[in-house]
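Work through the exercises below with the sequence and the coordinates at hand. Each task is followed by a solution in steps.

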Amino acid sequence: MLWIMIIWTKELETGSAKLDQQHRLLIENINLLDEMLHTTNPTKGELGFMVNLVDYLDGYATFHFKGEEQCMESYRCPAHAQNQQEHARFRGFIRDYKRLCEIQGFKVELLKNLHDVLSKWIKEHILKIDTQLKPCIQKQQARC
């Protein structure tokens with residue numbers, strides 16, 4: 001499988017500088033995972049990063065999703081309910097992934113699957129759902 005680094009573009013912007021910064025940080029971590037998956041002899045630190053990435057994603061989901069959902073609600077974004085549903089699915093994926101890693105250990109194949117799911121998440125979720133927030137924010141700013 002060929003992985004391609006995710007590049008931040010204006011196309012991914014939500015209109016919220018805070019949310020966009022958090023999305024950029026998520027992308028940076030996904031790209032770091034991609035780089036490490038191509039390393040033939042990872043260092044102890046690199047292996048530790050890969051293991052800790054799952055905990056980061058769990059924390060990210062809790063912190064970021066709450067703020068993003070509140071933002072969408074406050075700007076009356078039409079994608080708000082869909083966003084909540086997708087966030088619940090993502091949290092379920094991370095929960096299941098953590099359980100699988102506890103049972104099987106952190107195997108390269110599991111990490112490759114994680115990278116694949118995260119890359120698709122960025123492309124699908126941010127581009128198709130989160131960016132629906134941008135016109136809502138712009139509309140309210142125009143009223144000010």
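**Exercise 1.** Find the polar contact between the side chains of His125 and Asp130, and describe the surroundings of His125 in this predicted model.

Solution. Step 1: the side chains of His125 and Asp130 are joined by a polar contact of 2.9 Å. Step 2: place the histidine; His125 belongs to helix H4, which covers residues 108–128. Step 3: the relative accessibility of His125 is 3%, so His125 counts as buried, the cut-off being under 20%. Step 4: list the contacts, leaving out residues up to four places away in sequence; His125 then touches Glu68, Asn83, Glu86, His87, Lys120 and Asp130.

**Exercise 2.** Determine how many disulfides the model has, and examine Cys71.

Solution. Step 1: two cysteine sulfur atoms must lie within 2.5 Å to count as a disulfide. Step 2: applying this rule gives zero disulfides. Step 3: for Cys71 the nearest cysteine sulfur belongs to Cys77 and is 8.7 Å away, and Cys71 is in no disulfide. Step 4: Cys71 has 14% relative accessibility and therefore counts as buried. Cys101 is buried as well, with a relative accessible area of 4%.

**Exercise 3.** Which residues have the most contacts inside the largest nonpolar core, and which helices supply it?

Solution. Step 1: the largest nonpolar core has 26 residues. Step 2: those with the most contacts inside this core are Leu33, Leu57, Phe90, Tyr97, Leu111, Leu114 and Ile122. Step 3: at least two residues of the core come from each of helices H1 (17–37), H2, H3 and H4. Step 4: another core, of nine residues, lies apart from the largest one; among its members are Cys77, Ala79, Ile129 and Leu133. Step 5: take Leu111 as an example; not counting residues up to four places away in sequence, Leu111 touches Leu33, Leu37, Met50, Tyr97 and Phe106.

**Exercise 4.** Is Arg76 buried or exposed, and what is the sign of its phi?

Solution. Step 1: Arg76 is in the loop between helix H2 (44–74) and helix H3 (80–104). Step 2: Arg76 counts as exposed because its relative accessibility is 66%, and exposed means over 50%. Step 3: the phi of Arg76 is positive, near 55°. Step 4: most residues other than glycine have a negative phi.

**Exercise 5.** Where is Glu102, and what distance separates its C-alpha atom from that of Arg91?

Solution. Step 1: Glu102 is in helix H3. Step 2: at 64% relative accessibility, Glu102 is exposed. Step 3: Glu102 and Arg91 are 11 residues apart along the chain, and their C-alpha atoms are separated by 17 Å.

Conventions:
Residues are numbered from 1 along each chain as its sequence is written. This is a predicted model: local features need pLDDT of at least 70, side-chain atom pairs count only at pLDDT 80 or more; totals for chains, interfaces and linings use all residues. Side-chain values use heavy atoms; hydrogens and water are left out. Helices (H or I, at least four residues) and strands (E, at least two) are DSSP runs, numbered from the N terminus. Buried means under 20% relative accessible area, exposed over 50%, partly exposed in between (1.4 Å probe, protein chains only). A polar contact is a pair of N or O atoms within 3.5 Å; within protein, one must be able to donate a hydrogen and the other to accept it, and residues adjacent in sequence count only if both atoms are side-chain atoms. Contact means heavy atoms within 4.5 Å. A nonpolar core is a set of buried Ala, Val, Leu, Ile, Met, Phe, Trp, Tyr and Cys residues joined through side-chain atoms within 4.5 Å.
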